[in-house]
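Work through the exercises below with the model open beside you. Try each task before you read its solution.

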Amino acid sequence: MNFSVVFSNGTNSFNKGFYLTAFRNLENKNYLILALAIIYIITLLGNLVLLAVVLMNSSLQNPKYLAVCNLAIVDISMNSVIIPQMVPVFAFNQNYVSFGACFSQMFFMHFFGGMESFSLALLAYDRLIAICWPLRYSTINTNLRMLLIIAGIWSLVVLLEIFPVIFAARLPYCSSREVQSCCCEHSPVYKLACTDTSFNRQLGTAKTLTALLGPLTFIIFTYVIVVVAVTRIASISQRWKAFHTCLTHLLLVLLYYMPVMLAYVLGNLRLIQNFDLYTAVLTVSVTIPPMLNPIIYSLKTDELRDKIVKLLGKPKVAQQIIKNEANG
């Protein structure tokens, strides 16, 4: 998707791009780049192994693992949009980004960020059906229905993210081209326009509330229903089994929302005075969940963990180590 051909009001200079200026004053920024490179490698390995295990085992090709695979694809895509472009920018000072590349990155970065949130909501939906209607799960939540829901979510997020990017691409950028960020985020870019950007700010805020808080509200709502349903179960062992089923998903939700919310709170309260340090904290907060998601799911899901052990051909000793890590 190239936004250099988006309708212009005649004042844009499409032959001019932007300059990413984050981390100029950050000490030891090479360590940050090294950390991000490690995060990216683990993200690829973890999620690709998870996808391979599901594809190679027909017993795992059910609605639950379709949702898990969807999250794995989003995780790979999310960090692939953010991390690789940062290496030449900040390791080799190649910080120029063309107009089209900048807005293309803006769209895909925010798109997969929104997809991460909606994918967690999809897993919450699956857990809701499994716990509240276990006997009807196979008829309510079929593979076809899950695929249709996934397709609907991808389409919805495209619609949510495309318009803020298009309207930002149509703004006249006739003064500064220095983006105070490590990548082409929506807010740091449109603020450079030499015209009134109040509409872009309102559109961006509405999109953020919908893409982040909307799924979070749905997740909280589903767990309220789940808790009520579980408390009605007489058997304590069955209650624990139901809560254990939700534990992995709750860890993923906390892992995704808590660091980002904390980073924004620290920034808004000015608790981190160094802008480059704040950007580094926010970048790591966004890229760590896609790395840890497959690890958490693999260790906390017995069925998936056993399949991975068999795929990798590990001996019983390694299998015991993995189980000890999962219980730890």
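Buried means under 20% relative accessible area, exposed means over 50%, and partly exposed lies in between (1.4 Å probe, protein chains only). This is a predicted model, in which local features need pLDDT of at least 70, side-chain atom pairs count only at pLDDT 80 or more, and totals for chains, interfaces and linings use all residues. Residues are numbered from 1 along each chain as its sequence is written, and side-chain values use heavy atoms, with hydrogens and water left out.

**Exercise 1. Describe the overall fold in terms of elements, burial and contacts.**

Step 1. Set the rule for elements. Helices (H or I, at least four residues) and strands (E, at least two) are DSSP runs, numbered from the N terminus.

Step 2. Count them. The protein has 11 helices and 3 strands. Their order from the N terminus is β-α-α-β-α-α-α-β-α-α-α-α-α-α.

Step 3. Check burial. Of the 328 residues, 47% are buried.

Step 4. Check contacts (heavy atoms within 4.5 Å). Take the contacts between residues at least 6 apart in sequence: 79% of them join residues at least 24 apart.

**Exercise 2. Find the salt bridges, and state whether each partner is buried or exposed.**

Step 1. Apply the criterion. A salt bridge needs a side-chain nitrogen of Lys or Arg within 4 Å of a carboxyl oxygen of Asp or Glu. The count comes to 2.

Step 2. Take the pair Arg 127 and Asp 126. Their closest N and O atoms are 2.5 Å apart. Arg 127 counts as buried because its relative accessibility is 8%. Asp 126 is buried too, at 1%.

Step 3. Take the pair Lys 207 and Glu 161. The N to O distance is 3.3 Å. This pair links distant parts of the chain: Lys 207 sits in helix α7 (residues 198-231) and Glu 161 in helix α5 (residues 143-169), 46 residues apart. Lys 207 is buried, with a relative accessible area of 11%. Glu 161 is buried at 2% relative accessibility.

Step 4. Look at Leu 160, also in helix α5. Leu 160 is buried, since its relative accessible area is 18%. Leaving out residues up to four places away in sequence, Leu 160 touches Phe 118, Lys 207 and Thr 210. Leu 160 and Thr 210 are 50 residues apart along the chain, yet their C-alpha atoms are separated by 8.2 Å.

**Exercise 3. Which side chain of opposite charge is nearest to Glu 116, and what does Glu 116 contact?**

Step 1. Locate the residue. Glu 116 lies in helix α3 (residues 99-132).

Step 2. Assign charges. Lys and Arg count as positive and Asp and Glu as negative; His and the chain ends are not counted.

Step 3. Search for a partner. Glu 116 is buried but has no salt bridge. The nearest side chain of opposite charge is Lys 207, 14 Å away.

Step 4. List contacts beyond four places in sequence. They are Leu 71, Val 74, Asp 75, Tyr 256, Pro 290 and Asn 293.

**Exercise 4. Characterise the largest cavity.**

Step 1. Define the search. On a 1 Å grid over the protein atoms alone, a cavity is a set of points where a 1.4 Å probe fits but cannot get out; a pocket is an open set with protein on both sides within 12 Å along at least five of seven lines; lining residues have an atom within 4 Å of a point. Grid points are joined across faces, edges and corners, and a volume is the space filled by probe spheres set on the points.

Step 2. Run it. The whole structure holds 1 cavity of 30 Å³ or more. The largest cavity has about 40 Å³ of space.

Step 3. Read the lining. Its residues are Asn 47, Leu 50, Val 68, Leu 71, Ala 72, Asp 75, Asn 293, Pro 294 and Tyr 297. Helices α1 (29-56), α2 and α9 each give two or more residues. The largest share, 4 residues, comes from α2.

Step 4. Sort by class. Ala, Val, Leu, Ile, Met, Phe, Trp, Tyr, Cys and Pro count as nonpolar, Asp, Glu, Lys and Arg as charged, and the others, Gly among them, as polar. The lining of the largest cavity divides into 6 nonpolar, 2 polar and 1 charged.
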